[in-house]
Amino acid sequence: MRKKLVGSFLFRYSLGLVVLLGGLIMIIGSTGNQMGYEIEQAKHACNAGLITADFGKKPKGHKSIIEKFMKKILKDPDSAKFLWDDSVGPKEGMGFDIPDNSCQGYGWTVCVPINAKNSYGGYTGPKLHFFLIRNNIITYYESPGRYGITHNCM
């Protein structure tokens, strides 16, 4: 009789645990979908603003603006190799921050791969960086290390 009680207790306990875990997975999954939906909605609203946005004047000397900015950030600024592609120069656009789920404004966008040395003295390989320039000032910057990708350059 004792074996039967222990067995049914374990069965009920296991079943309860499975139901609880299943419920948690459903909650987490639906929250993730909701967050994705909210990000898409905010991005859509930001994109809609492109029609009437004031981008400011096209930056003069965007390369030197970006290089000066990066010299303040990089661990070994003298090692930086900017892989400029003049065919993809500054273009009208916006910056969007996914973690904040917010539009960072409108201006002139530039995506440039930069190869620089890390703390160990080795080159990291070219990483794509995003810059939003307005009135010759960088108003938003996104590095690939921050989130693993530079979504504004896609």
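Which residues line the largest cavity? In this predicted model, the lining consists of His62, Leu83, Trp84, Asp85, Asp86, Val88, Gly89, Val110, Cys111, Val112 and Pro113. The structure also holds two disulfides, and one of the bonded cysteines, Cys111, is among the lining residues. Confidence across the chain averages a pLDDT of 79.

**Cavity**

- One cavity of 30 Å³ or more turns up in a search of the whole structure.
- The volume of the largest cavity is about 60 Å³.
- Strand S3, residues 102-115, gives the most to the lining, with four residues.
- Sorted by class, the lining comprises seven nonpolar, two polar and two charged residues.

**Disulfide Cys46–Cys103**

- The sulfur atoms of Cys46 and Cys103 are 2.0 Å apart, and the two residues form a disulfide.
- Cys46 belongs to helix H1 and Cys103 to strand S3, so this pair ties together parts that are 57 residues apart in sequence.
- This disulfide is right-handed, because the torsion about the S-S bond of Cys46 and Cys103 is about 50°.
- Cys46 is buried, at a relative accessible area of 2%, whereas Cys103 is partly exposed, at 32%.

**Disulfide Cys111–Cys153**

- Cys111 and Cys153 form a disulfide with their sulfur atoms 2.1 Å apart.
- Cys111 sits in strand S3 and Cys153 in the segment after helix H3 (144-147), so the bond ties together parts that are 42 residues apart in sequence.
- The torsion about the S-S bond of Cys111 and Cys153 is about -105°, so this disulfide is left-handed.
- Cys111 counts as partly exposed, with 26% relative accessibility, and Cys153 also counts as partly exposed, with 21%.
- Cys153 counts as partly exposed because buried means under 20% relative accessible area, and the value for Cys153 is 21%.

**Pairing order**

- With the bonded cysteines of the chain numbered in sequence order, the pairing reads 1-2, 3-4.
- Strand S3 holds Cys103 of one pair and Cys111 of the other.

**Confidence**

- Of the residues in the chain, 71% score a pLDDT of at least 70.
- Helix H1, residues 2-48, has the lowest confidence in the chain, at a mean of 58.
- Strand S1, residues 81-82, has the highest, at 96.
- Over residues 26-32 the pLDDT stays under 50, and the model has zero contacts for them beyond four places in sequence.
- Helix H1, with its mean of 58, is also the element in which Cys46 lies.

Note on methods
Residues are numbered from 1 along each chain as its sequence is written. This is a predicted model: local features need pLDDT of at least 70, side-chain atom pairs count only at pLDDT 80 or more; totals for chains, interfaces and linings use all residues. Side-chain values use heavy atoms; hydrogens and water are left out. On a 1 Å grid over the protein atoms alone, a cavity is a set of points where a 1.4 Å probe fits but cannot get out, and a pocket is an open set with protein on both sides within 12 Å along at least five of seven lines; lining residues have an atom within 4 Å of a point. Grid points are joined across faces, edges and corners, and a volume is the space filled by probe spheres set on the points. Helices (H or I, at least four residues) and strands (E, at least two) are DSSP runs, numbered from the N terminus. Ala, Val, Leu, Ile, Met, Phe, Trp, Tyr, Cys and Pro count as nonpolar, Asp, Glu, Lys and Arg as charged, and the others, Gly among them, as polar. pLDDT is the predictor's confidence in each residue, from 0 to 100. Contact means heavy atoms within 4.5 Å. A disulfide is a pair of cysteine sulfur atoms within 2.5 Å. Buried means under 20% relative accessible area, exposed over 50%, partly exposed in between (1.4 Å probe, protein chains only).
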